[in-house]
Amino acid sequence: MVDADKWVELADALAEMARDLAAQESTRATLDRVVAHAVALVEGCEAAGVMVVRRGEVITLAASDNVVVASDRLQGECGEGPCFDAARNKYEVYRITDLSTRSDQWPKYAPEARELGIGSMMGFLLYTRDKDLGALDLYSSRSGAFGQQEEHVGWLLASHAAVAMAGAEHVENLETALETRKVIGEAVGILMARYKLAENDAFGRLAKASQDSNVKVRDLAETITLTGDLPERP
């Protein structure tokens with residue numbers, strides 16, 4: 001049983017982590033801080049990473065150590081593993097207490113992971129109500145490093161991290177949308193002035209040129225803002 005002072009310290013650390021994650025200026029920076037906080041806050045954790053599984057392929061989004069990248073690659077090759085399964089099966093928590101023993105759940109991954117020097121590990125699904133964001137994986141070279149307490153701390157950390165990651169992605173999407181709207185607006189204004197068109201007609205010409213050339217409206221609009229006109233059709 002953890003004493004009250006320890007839980008107060010953890011609560012303070014998680015609050016500080018939440019403020020730190022909110023202060024990051026990109027999803028990339030947020031991910032890097034998530035894995036750094038995981039190593040700092042979860043007792044026994046020596047390395048941490050965030051992975052996603054897309055169309056059966058494992059992609060490492062952040063890693064505090066090369067062992068994370070190697071483990072992610074191995075889970076992808078084996079098609080199994082605690083983090084792979086957390087991300088693929090949308091299961092909240094997987095924990096391997098001792099990788100020195102035989103694992104019936106991950107028979108291909110476990111012996112290879114031992115060769116990487118992994119003694120125990122945990123995988124946590126990163127999710128919000130609207131979005132799955134991958135899995136947070138925590139590693140130790142020691143067998144038995146993670147127990148129920150560490151799992152609970154990891155789950156709390158993963159919950160905070162998922163909210164921060166979703167917020168960072170939302171802000172980036174909004175910024176991208178606003179920038180796209182600005183570029184298209186400038187291009188429409190150029191076409192209105194050049195061809196004496198009403199706004200709707202200018203946008204219609206832009207959209208048709210995009211369709212005819214198989215070029216995204218945003219990309220075509222950027223060309224117009226640089227050249228002052230629609231590109232000549234081949």
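Does K196 count as buried or exposed, and at what relative accessibility? K196 counts as exposed, because its relative accessibility is 73%, above the 50% cut-off for that class. The model is a predicted one. Its chain holds eight helices and five strands, and 40% of its 234 residues count as buried. The points below cover the chain as a whole, its aromatic side chains, helices 7 and 8, and the residues with positive phi.

**Chain as a whole**

- In sequence order, the helices and strands follow the pattern α-α-β-β-α-α-β-α-β-β-α-α-α.
- Of the contacts between residues at least 6 apart in sequence, 60% join residues at least 24 apart.
- The exposed area of the chain is about 13,100 Å², and 49% of that area is supplied by carbon and sulfur atoms.

**Aromatic side chains**

- One aromatic pair is found in a search of the whole structure.
- The pair is formed by Y94 and W106, whose ring centres are 5.5 Å apart; the planes stand at 75°, so the arrangement is edge-to-face, the class for angles over 60 degrees.
- Y94 belongs to strand 3 (residues 93-96), while W106 is in the loop between strand 3 and helix 5 (109-115), and twelve residues separate the two.
- Y94 has a relative accessible area of 11% and is therefore buried.
- W106 is buried too, with a relative accessible area of 2%; the cut-off for buried is under 20%.
- Elsewhere, the charged end of R205 sits over the ring of Y195, at 4.6 Å from the ring centre.

**Helix 7 (residues 199-213)**

- Helix 7 has 15 residues and spans 21 Å from its first C-alpha to its last, close to the 21 Å expected at 1.5 Å a residue.
- The buried residues here include A202, L206, A209 and S210.
- These residues lie on the same side of helix 7, because they cover an arc of only 100° around the axis.
- N200 and Q211 are exposed, and they are carried on the face of helix 7 turned away from its buried side.

**Helix 8 (residues 217-227)**

- The buried residues of helix 8 are L220, A221 and I224.
- Their arc around the axis is only 100°, which puts them on the same side of helix 8.
- G228, just after helix 8, takes a positive phi of about 85°.

**Residues other than glycine with positive phi**

- Most residues other than glycine have a negative phi.
- K196 has a phi near 55°, a positive value in a residue other than glycine.
- K196 is placed in the loop between helix 6 (148-195) and helix 7.
- N214 is another residue other than glycine with a positive phi, near 60°.
- N214 comes just after helix 7, in the loop between helix 7 and helix 8.
- Which class does N214 fall into, buried or exposed? N214 counts as exposed, because its relative accessibility is 72%, and the cut-off for exposed is over 50%.

Conventions: Residues numbered from 1 in each chain as written. Predicted model: local features only at pLDDT ≥ 70, side-chain atom pairs only at ≥ 80, totals over all residues. Heavy atoms only, no water. Buried < 20%, exposed > 50% of the residue type's maximum accessible area, 1.4 Å probe, protein only. Helix = DSSP H or I, 4+ residues; strand = E, 2+ residues; numbered from the N terminus. Arc of directions from axis to C-beta. Expected span 1.5 Å × (residues − 1). Contact = heavy atoms within 4.5 Å. Areas by Shrake-Rupley, 256 points an atom, 1.4 Å probe, with all protein chains shown as cover. Phe/Tyr/Trp six-rings, centres within 6.5 Å; stacked < 30°, edge-to-face > 60°. Lys NZ or Arg CZ within 6 Å of the ring centre and 35° of its normal.
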